[in-house]
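I opened the model to look up one polar residue, its surroundings, and then the wider fold. The entries below follow the order of my reading.

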Amino acid sequence: MHVLREEFDVVAMDFTTAGEASATIKRLLKKLGVNSSVVRRLSIACYEAEINLVIHSMGGKLILTVGAEDVVLTSEDVGPGIPDIDLAMSEGYSTASEDVRMMGFGAGMGLANMARNADEFNIESKVGEGTRIEMIFKLTDAQKSEGAV
């Protein structure tokens, strides 16, 4: 059973709205009473995913699904896909342009930070089609018994 399911469109190269979906998701989770530790970790991963969508994709979306046991954040994009996922997962590796780096983005920590903050991390990518990342954040036993979500 889902308590909440929301989708947020993310536009490629739109740095003026980058981070808005992440901020909205953070507010929603706080309103639902999700444990602050989960909110913090999910917010970090969500921001990284959103910025990756802005920088590296041709557009995509973030999907937030809040359930009784966990919170799932999914990032789906339209191309170009990741040719070498293992390389892309290594800290410091980046394919961001020099212009993007000059704006302070593209340090090559996005995927690594997503994986580090999620309880479960799954990534699938096909060159020329796109990338799908699913991150699962487990709710604490105390939170489940309190019925905060």
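Entry 1. I looked up the contacts of Asn117 (heavy atoms within 4.5 Å). Leaving aside neighbours within four places in sequence, Asn117 is in contact with Arg40, Arg41, Ile44, Ala45 and Phe137. The model is predicted: local features need pLDDT of at least 70 and side-chain atom pairs pLDDT 80 or more, while totals for chains, interfaces and linings use all residues. Residues are numbered from 1 along each chain as its sequence is written, and side-chain values use heavy atoms, with hydrogens and water left out.

Entry 2. I then asked where Asn117 sits and whether Asn117 is buried or exposed. Asn117 lies in helix H5; I take helices (H or I, at least four residues) and strands (E, at least two) as DSSP runs, numbered from the N terminus. Asn117 counts as buried because its relative accessibility is 11%. The classes are buried under 20% relative accessible area, exposed over 50% and partly exposed in between, with a 1.4 Å probe and protein chains only. I also noted that the Asn117 side chain reaches the backbone oxygen of Asn113 at 2.9 Å.

Entry 3. I turned to the largest nonpolar core, meaning a set of buried Ala, Val, Leu, Ile, Met, Phe, Trp, Tyr and Cys residues joined through side-chain atoms within 4.5 Å. This core holds 31 residues, of which Leu29, Leu62, Met135 and Phe137 touch the most other members. The elements giving two or more residues to the core include helix H1 (20-31), helix H2 (36-56), helix H5 (110-117) and strand S5 (130-138). H2 supplies the largest share, 8 residues. In soluble globular proteins, nonpolar side chains tend to be buried together.

Entry 4. Which residues does Met135 touch, not counting those up to four places away in sequence? I listed Ala45, Ala49, Val71, Val72, Leu73, Met114, Ala118, Glu120 and Phe121. Ala45 thus appears on the list for Met135 and on that for Asn117.

Entry 5. I next looked up salt bridges, each a side-chain nitrogen of Lys or Arg within 4 Å of a carboxyl oxygen of Asp or Glu. The count by this rule is 6. Arg5 pairs with Glu7, with the closest N and O atoms 2.9 Å apart. Arg5 is partly exposed because its relative accessibility is 47%, and Glu7 is likewise partly exposed at 40% relative accessible area.

Entry 6. Glu7 also meets Lys61 in a salt bridge, at 3.4 Å from N to O. This pair links distant parts of the chain, joining Lys61 in strand S2 to Glu7 in strand S1, 54 residues apart. Lys61 is partly exposed, with a relative accessible area of 25%.

Entry 7. I recorded a further salt bridge between Glu76 and Arg132, with the closest N and O atoms 3.2 Å apart. Glu76 in strand S3 and Arg132 in strand S5 are 56 residues apart, so I noted another link between distant parts of the chain. Glu76 is partly exposed at 25% relative accessibility, as is Arg132 at 34%. Arg5, Glu7, Lys61, Glu76 and Arg132 are linked in a network of salt bridges.Entry 8. Last, I read the protein as a whole. The protein has 6 helices and 5 strands, in the order β-α-α-β-β-α-α-α-β-β-α along the sequence. Of its 149 residues, 43% count as buried. Among contacts between residues at least 6 apart in sequence, 64% join residues at least 24 apart.

Terms used. Polar contact = N/O pair within 3.5 Å; in protein donor to acceptor, adjacent residues only side chain to side chain.
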